[in-house]
Amino acid sequence: MEQKFSDTARSERHFSAMLLPHLLLANNFAGLRALFRSLDRFKGADVDSNDIEIVAELNPIRDFGEPPIDSNIPQSVPDLFLRIGENVLVIEAKFFTYPSEKKIDEQITSQRKAIESRLEGTRYKCYSFHYLALTVHDELNPYPNLGDDMSHLTWQKVIEVLEPVVNNAKSLDLKYVLAELKYAVQRSADEQSKSGSVEEGRCKTIQELYQRAPELLAQGYCYIGFTGGVDELKSKNLDDLEKRDHYKYSSCKPNNNWVPMGEVILRYLKLKKRH
């Protein structure tokens, strides 16, 4: 079968500003309500309200209200602003890119500042805000600097939440959009798994990795390539780790052959202590 343009689309806006909102809006906002219900933050919230907003590419600094008192607050644009009643979900979505946790931390922090700078004197001042990182890769460590108003979901998890909505609607357009998202998620995961782009650097020895760990973690390099994953790491002795040819580090975890750097360092220190 000949390839279609939709088979090769890569723009994040294609997924976050067109396909996903279509699933959220259809059938009396059933997808939007299902997404809110799936998040612990909104447990018990009134998701049956018809007081609803969906805004793609929200730019509060440019478009809303008076300029903020702090003129140094930059424009920062989240992909989606979703509201049901007094509950707000702000989404930063990534597709075919694998940013580090540090970069997502910085981006969402900037988005929060931009939004909060516009809330004084508005209907949103007392609303409940939650910020969501939506990515293809499946593991991001907790965000200690962001507080409890932020969480992470994968596109696969969102698909699982929305699939029952699509099945109940029996709508050809919704089934088409869901199939497009499923295929794109698989493309993105396969591409990242097979490509060499995941490697962002390497340390020659475990000792070098240990010495550079604070610096690398601060830069967002949180994962170490280790074939066999965590189970294989646990089977290694000190000699294995010290004679290992090199240690690749990365800002993301596209598959289970990448383990958190902290686990590698912890294993090394435990074995070192025994000797």
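Which residues do ring pairs link into a cluster? The legends below go through this predicted model one close-up at a time, and the cluster gets its own view.

**Close-up 1. A ring cluster built from six names to look for: Phe64, Phe81, Tyr124, Tyr127, Phe129 and Tyr131.** Ring pairs are what link these residues together. If you go through the model counting aromatic pairs, you end up with 12. While you're at Tyr124, look for Arg123 too: it lies over the face of the Tyr124 ring, 6.0 Å from the ring centre.

**Close-up 2. Phe15 meets Phe96 in a tilted aromatic pair.** The two ring centres are 6.2 Å apart, and the planes make an angle of 45°. Phe15 belongs to helix 1 (residues 12-38), while Phe96 sits in the loop between strand 3 (87-93) and helix 3 (101-116), so this pair ties together parts that are 81 residues apart in sequence. Are these two rings buried or exposed? Phe15 is buried, with just 1% relative accessible area, and Phe96 is buried as well, at 9%. Right beside it in the chain, Phe95 pairs with Phe96: with centres 5.5 Å apart and planes at 40°, this pair is tilted.

**Close-up 3. The sheet with strand order 1-2-3-4-5 is open, and its pairing is mixed.** Strand 1 (52-56) and strand 5 (150-154) are at the edges with a single partner strand each, so one side of each has no neighbour in the sheet. Going from one strand to the next, the twist averages 20°. Zoom in on strand 2 and strand 3: they run antiparallel and are joined by 5 bridges. Here you can spot Leu80 opposite Ile91 of strand 3. Helix 1 lies across strands 1, 2, 3, 4 and 5, at about 5° to strand 2. Helix 3 lies across strand 3, strand 4 and strand 5, and runs at about 150° to strand 4.

**Close-up 4. The largest nonpolar core has 42 residues.** Which residues have the most contacts inside it? They are Leu82, Leu89, Ile91, Phe95 and Trp155. Helix 1 is the top contributor, giving 11 residues to this core. Other elements that give two or more residues include strand 2 (80-84), strand 4 (128-135), helix 4 (155-169) and helix 5 (172-194). Follow Trp155 and you'll find that it touches, among others, Phe15, Leu20, Phe95, Leu134, Leu181 and Val185. In soluble globular proteins, nonpolar side chains tend to be buried together.

**Close-up 5. Another open sheet has 4 strands in the order 6-8-7-9, with antiparallel pairing.** Its edge strands are strand 6 (201-203) and strand 9 (258-260), and each of them pairs on one side only. Neighbouring strands here are turned by 40° against each other on average, ignoring direction. Strand 7 (residues 223-225) is joined to strand 9 by 3 bridges, and Gly225 stands opposite Trp258 in strand 9. Helix 9 (residues 261-274) packs on this sheet, where it touches strand 7, strand 8 and strand 9; its direction makes about 70° with that of strand 9. Helix 6 (residues 206-218) lies across strand 6, strand 7 and strand 8 (247-250), running at about 130° to strand 6.

**Close-up 6. Phe226 has a charged end sitting over its ring, and it comes from Arg244.** That end of Arg244 is 4.1 Å from the ring centre. Phe226 also belongs to a second, separate core of 19 residues, whose members include Leu238, Ile265 and Leu271.

Key. Residues numbered from 1 in each chain as written. Predicted model: local features only at pLDDT ≥ 70, side-chain atom pairs only at ≥ 80, totals over all residues. Heavy atoms only, no water. Pairing = 2+ DSSP bridges. Axes fitted to C-alpha atoms, helices over the stretch in contact; angles between N-to-C directions. Contact = heavy atoms within 4.5 Å. Phe/Tyr/Trp six-rings, centres within 6.5 Å; stacked < 30°, edge-to-face > 60°. Buried < 20%, exposed > 50% of the residue type's maximum accessible area, 1.4 Å probe, protein only. Lys NZ or Arg CZ within 6 Å of the ring centre and 35° of its normal. Core = buried A, V, L, I, M, F, W, Y, C linked by side-chain atoms within 4.5 Å. Lists of a residue's contacts leave out its neighbours within four places in sequence.
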